Amino acid sequence: MPDLATYNFAYLDEQTKRMIRRAILKAIAIPGYQVPFASREMPMPYGWGTGGVQVTAAILGPDDVLKVIDQGADDTTNAVSIRAFFQKVANVAVTTKTSEATIIQTRHRIPEERLKTGQTLVYQVPIPEPLRFLEPRETETRKMHALEEYGLMHVKLYEDIARNGHIATTYAYPVKVEGRYVMDPSPTPKFDNPKMHMSEALQLFGAGREKRIYAVPPHTEVVSLDFEDHPFEIQHFDKPCALCGAEHVYLDEVVLDDHGGRMFVCSDTDHCEDRRAHGHAGEMLARQEAAE
Amino acid sequence: MYVAVKGGETAIANAHRLLADRRRGDRSLPAISIDQIVAQLGLAVDRVMAEASLYDRELAALAVRQARGDMIEAIFILRAYRTTLPRFGLSVPIDTGRMKIERRVSATYKDLPGGQLLGATFDYTHRLLDPSLLADEPVADPVRKQADESAMMRVSDILADEGLIEADGRLPEDHVPGDLTREPLEFPLDRDLRLQALARGDEGFLLALAYSTQRGYARTHPFVGEVRIGDVEVELDMPELGFAVSLGRIQVTECQMVNQFKGSANNPPQFTRGYGLVFGQSERKAMAMSLVDRALRAEEFGEDIVAPAQDEEFVISHSDNVQATGFVEHLKLPHYVDFQAELDLVRRMRAEYDAKSDGNDVREAAE
C-alpha cells in the first residue's frame, strides 16, 4: 500500500492556491463578474461549501483568525465541520467573535455586526448564476452578461408584481454591482443585501461545483434590483429577539411546542450572545430570570 | 426555556464514531481485508478506479471498505485523494492495438483476425442464485491456452483499410489534450475533454442516456465494432533518454461503436465512430460511453439536435456523480434562514388572499 499523502498547509497545494488567487484577483478587478476557475475535488461534498473552502484555503495565512458560520450560527453542524477542517489542516486560530475574525466564511447570512476594513467575508455559493433559473444554459447566460442583457430578470420581477402584488424573491435576491454585472448574492435572505453595499470588508464568493469565483471589493456599490414604484425592501419582524431583545436583526423562528407556540431569536448567534453579555435581555430571558 | 442547540461538535464526533462501528459491523467476524476486496469484489474496485480517475486497486479497495460498499462515496473519497497528487507529465497515448487481450468480441464480423475471445463474462450465464457459493466450495482452475503474442488488429482498422469509416479523431497532431481536473470546463468542449468527462461520468447516468438513444431519442444506428478488455503499457517520454519508457501496465476496457451515417455536404457516406474507454473491466460503461459519445457528435455531422443525449451541456454538466450527489444531498443541510424568509412571504400572501376572499364573501352576501 503506498504511503498516503500528508497535506499541505490549508490542504491545497501551492500551485492550486496560486491558480485560485489569480482567479480572485481577476474577480476583484471586475466586480460581480463570475471568473471560471479549476475547482478541485475537496474532501467534503459539492454543495457543502467546497467553493468557499477553496477560497478560504487560498487566502488563509498562519496569522489569520477564522470564523465560520452557517445560517448565521457558529455551532451549526456544517460550520463546525468546516472550522474543524481548517483547524486540522492549517492549525489556524478560530473565533466565534465577528469583530476578532480576519476571515469569515459564511453560508446564507452576513453577520449583523458591521464588517471593517481588513476583514474578508467568504460566501459559499451553490448556484453563482443569477440568470440560471431564467436560462439554464451557461453558453447563453454568459452572452447575456457580456451584452448586459438583463431584461429577462426585470421581466421576472415584474411578473412577480403582476401576479402577487410584490416581488416574491426573498433570498438570493439579485443585485447589480458597480452599475455593471447582475450578481447572485448567494442564498442570503434579502434582509442582508443592504449590508453588501459599500462594505468596508472584501467580499469573495466561491462556487466549487459550478467552478466560479466572484467578488465585491470594499466600497463597491451593490444595488438590489427593483422598480421606482416598487422599491426594494427588506424583511421586517414584528417582535424583537426573544433572548437579547435586538431589533432590526434577522430572526429565526423556533417552534416551542405542538400548540403553535413560537419564539423568534437572532439568527446571528454571536451577535445575540454578545448583546446578552452586555446586559440586554429579551422577553423570554427576562421571564426566565424573573422566575428564578 | 429554549436552549439554542449547542454541542454540534460532540454530536458530529459521536456520529462518526457510530459510523466507524457500523462500518466494522459484528466484531466476532473477521474484518474484510483489502486483498479480499481487490480479489473478490474486483468489478466494484474497477468502477471506483474508473469514476475516480485513479488507477490504483488497493486505494480503490480501501475506499470501498471505508465507504461501506457505497460506490459513489468510495469514488468521492478516492477523487479527493487524487486531487492532491502532483502531475509529473503526460503519458504517451496508450496503444490498445497492442493490448494483451483477455476478452474481445465483435458484433460486426462472424470471424476476424485474432478471433472472438469471450474471456471472463457474465454473458450467457443463467442468472440463478448459486447455492454452492453459500459455502466456500473449491473453484476449478480456468482453462488456459498459449497467449497469441502478435498484436490483435482492431475492427475499426479493418473498416478504415477500405475507407468505409471516418478517420480516428479530427484534432490536429500537435493538440495537447485538456485536463478537466485542472482547467474549468467551458462549453462547447473539444472531443478530448468530452471523452474525459464521460470516462469519469456516472455509469448509471450514461447507461440511461445510451439506452434513450436506442429507444429513439437520437437514434445512432450503432453496431459494436468491438469491445476489448486487457492490459496495455503506459509509457512516459523521457526527454533525457529520447525515447519512452514503460511505467507499467493497466487494464482497460475499450469499445468502438460503429454507426451508420448517410453522409452530408461535407462528409461522404461512411461509418462513424463512438468511442468508450474505461479503467479496469466495465463493458457496460464503455459501451454506454461510446453511444453517448456518438450522440454528442450530432452537431459535427450536421444532425438535428432533438434529444437529451445529444445536448453536450446537459449531458456533461450532469454526468459527474460526485457533483450530483453532493448537491442533491446538500438539501439536508440547514436552510432555515431562507425558509424563514419564505415563511414570512407565504404568510403575507396568505393574509392578502384571505382578506381578499373575505371581502368577496361580504359582497356576495350583500348581493
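**Notebook: a look through a two-chain model**

I began at B:L78, which touches B:V48, B:A52, B:L54, B:L59, B:A60 and B:A63 once residues up to four places away in sequence are left out. A reminder to myself before going on: this is a predicted model.

**Entry: the cores**

I wanted to know what B:L78 belongs to. I found it listed in the largest nonpolar core, which has 104 residues. B:L78 is among the residues with the most contacts inside that core, along with A:I24, A:I213, B:V48, B:A60, B:A63 and B:V292. That list names residues of chain A and of chain B, so I kept both chains in view from here on.

Which helix gives the largest share of this core? I noted helix α9 of chain B, residues 283-296, with eight residues. I also looked for a core apart from this one, and there is another of 14 residues. Its members include A:L243, A:L251, A:C266 and A:M284.

**Entry: helix α9 of chain B**

I went back to α9(B) for its length and its cover. The helix has 14 residues and reaches 20 Å from its first C-alpha to its last. That is close to the 20 Å expected at 1.5 Å a residue. Is α9(B) mostly covered or mostly open? I found it mostly covered, with 13 of its 14 residues buried.

**Entry: chain B as a whole**

Next I stepped back to the whole of chain B and counted 12 helices and four strands. Its radius of gyration is 27 Å, while the globule rule gives 21 Å for 367 residues, so chain B is more spread out than a compact globule. I wrote down the span of its C-alpha trace along the principal axes too: about 95 × 65 × 55 Å.

How many of the residues of chain B count as buried? My note says 30% of the 367. I then looked at contacts in chain B with a separation of 6 or more, and residues 24 or more positions apart account for 64% of them.

Chain B is divided into domain 1 (9-82) and domain 2 (96-121 + 154-320). I looked up the distance between the centres of these two domains, taken over C-alpha atoms, and it is 29 Å. Their contact takes eight residues from domain 1 of chain B and 10 residues from domain 2 of chain B. On the domain 1 side I sorted the residues by class and got four nonpolar, one polar and three charged.

**Entry: chain A as a whole**

I gave chain A the same treatment. It has eight helices and 12 strands. With a radius of gyration of 20 Å, close to the 19 Å that the globule rule gives for 292 residues, chain A is as compact as a globular protein of that length. The C-alpha trace of chain A spans about 60 × 55 × 35 Å along its principal axes.

Buried residues make up 49% of the 292 in chain A. Of the contacts in chain A between residues at least 6 apart in sequence, 62% join residues at least 24 apart.

Here, too, I found two domains: domain 1 (14-223) and domain 2 (251-291) of chain A. Their centres, taken over C-alpha atoms, are separated by 29 Å. I noted 12 residues of domain 1 of chain A in contact with five residues of domain 2 of chain A. The domain 1 side of that contact has two nonpolar, four polar and six charged residues.

**Entry: where the chains meet**

I then turned to the contact between the chains, where 39 residues of chain B are in contact with 49 residues of chain A. Which elements of chain B give two or more residues to this side? I listed α1 (8-24), α5 (71-82), α11 (321-329) and α12 (336-366) of chain B. The largest share comes from α12(B), with 11 residues. By class, I have 18 nonpolar, eight polar and 13 charged residues on the chain B side.

**Entry: A:W48**

My last stop was A:W48, in the loop between β1 (35-36) and α2 (50-59) of chain A. Is A:W48 buried or exposed? I have it down as buried, because 25 other C-beta atoms lie within 10 Å and the cut-off for buried is 20 or more.

What does A:W48 touch, leaving aside neighbours within four places in sequence? I found A:N78 in chain A, and B:G326, B:H330 and B:L333 in chain B. I also checked A:W48 against A:R107, which is 59 residues apart from it along the chain, and their C-alpha atoms are separated by 9.2 Å.

Methods
Residues are numbered from 1 along each chain as its sequence is written. Chains are lettered from A and ligands numbered from 1 in the order in which they are written. This is a predicted model: local features need pLDDT of at least 70, side-chain atom pairs count only at pLDDT 80 or more; totals for chains, interfaces and linings use all residues. The radius of gyration is taken over C-alpha atoms; the globule rule is 2.2 Å times the number of residues to the power 0.38. A residue is buried if 20 or more other C-beta atoms lie within 10 Å of its own, exposed if 12 or fewer, and partly exposed in between; C-beta atoms are placed from the backbone. Two residues are in contact if their C-beta atoms, placed from the backbone, lie within 7 Å. Ala, Val, Leu, Ile, Met, Phe, Trp, Tyr, Cys and Pro count as nonpolar, Asp, Glu, Lys and Arg as charged, and the others, Gly among them, as polar. A nonpolar core is a set of buried Ala, Val, Leu, Ile, Met, Phe, Trp, Tyr and Cys residues joined through C-beta atoms within 7 Å. The expected span of a helix is 1.5 Å times one less than its number of residues. Domain bounds come from an automatic or database domain assignment.
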